[in-house]
Amino acid sequence: MSSPSQHPVAQVLRERADAGSQPGARQDGHRVALVLEGGGMRGVVSAGMVAALERLGMRDAFDLIVGSSAGAINGMALLSGVARRAADAYCGPLASRSFVNPLRVLRGKPVIDVNDVLAIVTAEDTAGHDRVTSGDVALHCIATDVETAAGVDLHGMRTQEEVWAAILASSRMPWAGGPPVEIAGHRYVDGGLVAPVPVGDAIAAGATHVLALQTRPFGVPRKSASRIGDRLIERHLRGLNPALVTVYRERVAKYEELVTELARRSLDHSAAPPHVLGLRPAAETPCVGQLERNPVVLTAGATDGERLVEAVLGAASREASPAR
């Protein structure tokens with residue numbers, strides 16, 4: 001069986017990193033996308049992964065970044081040059097009752113306030129904001145349109161306010177996250193409902209090579225936290241658009257179809273473009289909960305993500321690099 005480090009996506013990323021390839025001045029003709037899965041606080045796993053990409057000098061190797069929910073936040077962090085800060089934030093200030101508090105929903109407040117995440121991660125980094133809005137690398141935030149119950153690709157943002165609005169829309173958890181986010185007359189909720197790992201959106205945007213960073217370990221299915229939670233979420237969604245209830249109920253089966261196809265494509269190194277490589281924590285790796293607050297668990301999740309990316313792209317990159 002071929003190693004993931006020899007997959008066409010991994011090879012292109014190493015070649016670009018070694019050549020110092022820059023957005024807008026490519027020589028290879030490829031369009032490489034980074035796709036990130038979210039999952040609330042489980043996003044710490046993809047945060048660790050993008051921190052590894054940042055440290056390996058691969059931030060500029062991508063032409064577009066596509067994320068849903070926490071994946072959109074982590075994609076913005078990499079593009080802004082603060083991926084390490086984002087991973088540390090999950091394990092530090094965000095791992096507290098003041099940030100993750102299910103009891104807040106009883107007062108009509110969101111369980112997780114993503115505004116807090118953005119404020120901590122960006123921390124008034126003007127240069128980082130400019131990198132996100134410059135357009136050299138496109139940031140795509142996938143959200144679910146309330147009226148159509150379909151996924152929408154929010155991109156082309158040109159101001160910090162527009163970027164924040166798109167990320168808030170992509171990460172607005174139904175019921176627990178508060179009311180839908182409104183942008184230009186349209187209402188949006190969590191993009192993870194329709195596109196938890198938005199590989200299809202990246203390909204639709206023209207990607208020839210896709211690196212998909214997944215947060216659930218092999219063998220861990222997508223499932224609900226509780227029956228009571230399901231009832232509350234479905235009641236909330238029914239009040240917005242009954243079609244969203246169907247989307248919610250079908251999300252588990254569709255997720256399994258998605259990750260099965262992603263695993264198949266990741267093993268096929270000889271297929272024609274678009275090439276897709278998914279990186280996912282190994283089976284029996286502890287799965288981080290969506291509302292996890294334990295810093296030890298969160299730190300382990302980030303570390304697992306970092307090590308996975310380093311194993312596929314870091315060591316292989318050093319071995320493949322010519323002697324200097």
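A cavity is a set of grid points where a 1.4 Å probe fits but cannot get out. The model looked at here is a predicted one, and a search of the whole structure turns up 3 cavities of 30 Å³ or more. The largest cavity takes up about 130 Å³. Its lining is made of 13 residues, and nearest the centre of this cavity sit Gly40, Ala70, Ile73, Ile112 and Val114. Two elements, helix H3 (70-80) and helix H5 (114-122), give two or more residues each to that lining. Sorted by class, the lining of the largest cavity holds 10 nonpolar and 3 polar residues, with no charged ones.

Next come the pockets. The largest pocket has a volume of about 930 Å³. As many as 37 residues line the largest pocket, and Met173, Lys223, Ser224, Ala225 and Gln290 are the ones that lie nearest its centre. Helix H9 (227-240) and helix H10 (242-267) each put at least two residues into this lining, with H9 giving the largest share, 5 residues. The lining of the largest pocket splits into 19 nonpolar, 10 polar and 8 charged residues.

The second largest pocket holds about 290 Å³ of space. It is lined by 16 residues, and Pro4, Phe218, Ser266, Leu267 and Gly278 come closest to its centre. Here H10 turns up again: along with strand S8 (275-279) and helix H11 (295-320), H10 supplies at least two residues of the lining of the second largest pocket. In fact H10 gives the most to that lining, with 5 residues. By class, the lining of the second largest pocket has 11 nonpolar, 4 polar and 1 charged.

Away from the open spaces, there is the packing to look at. In soluble globular proteins, nonpolar side chains tend to be buried together. The largest nonpolar core in this model has 71 residues, and Leu34, Leu53, Leu211 and Leu213 are those with the most contacts inside it. Helix H2 (residues 43-55) gives the most to this core, namely 8 residues. Leu53 makes a good example: leaving aside residues up to four places away in sequence, Leu53 touches Leu34, Met58, Arg59, Phe62, Leu78, Leu211, Leu213, Val309 and Leu313. There is also a second, separate core of 16 residues, and among its members are Val35, Val197, Ala207 and Tyr255.

That leaves the cysteines. Cys141 belongs to strand S3 (residues 138-145) and is buried, because its relative accessible area is 0%. Not counting residues up to four places away in sequence, Cys141 touches Gly67, Ala72, Val152, Asp153, Leu154, Met157, Ala166, Ile167 and Ser170. From Cys141 to Lys223 the separation is 82 residues in sequence and 23 Å in space, C-alpha to C-alpha. Lys223 is also one of the residues that lie nearest the centre of the largest pocket.

A search of the whole structure finds 0 disulfides. Cys91, for one, is in no disulfide, and the nearest cysteine sulfur to that of Cys91 belongs to Cys287, 15 Å away. Seen from the other side, the sulfur of Cys287 has its closest cysteine sulfur in Cys91, and at 15 Å that is too far for a bond, because a disulfide needs the two sulfur atoms within 2.5 Å. Cys91 has a relative accessible area of 18%, so it is buried, the cut-off being under 20%. Cys287, at 34% relative accessibility, counts as partly exposed.

Terms used
Residues numbered from 1 in each chain as written. Predicted model: local features only at pLDDT ≥ 70, side-chain atom pairs only at ≥ 80, totals over all residues. Heavy atoms only, no water. 1 Å grid on protein atoms, 1.4 Å probe; cavity = no way out; pocket = protein on both sides within 12 Å on 5 of 7 lines; lining within 4 Å. Points joined across faces, edges and corners; volume = space filled by probe spheres on them. Helix = DSSP H or I, 4+ residues; strand = E, 2+ residues; numbered from the N terminus. Nonpolar A, V, L, I, M, F, W, Y, C, P; charged D, E, K, R; others polar. Core = buried A, V, L, I, M, F, W, Y, C linked by side-chain atoms within 4.5 Å. Buried < 20%, exposed > 50% of the residue type's maximum accessible area, 1.4 Å probe, protein only. Contact = heavy atoms within 4.5 Å.
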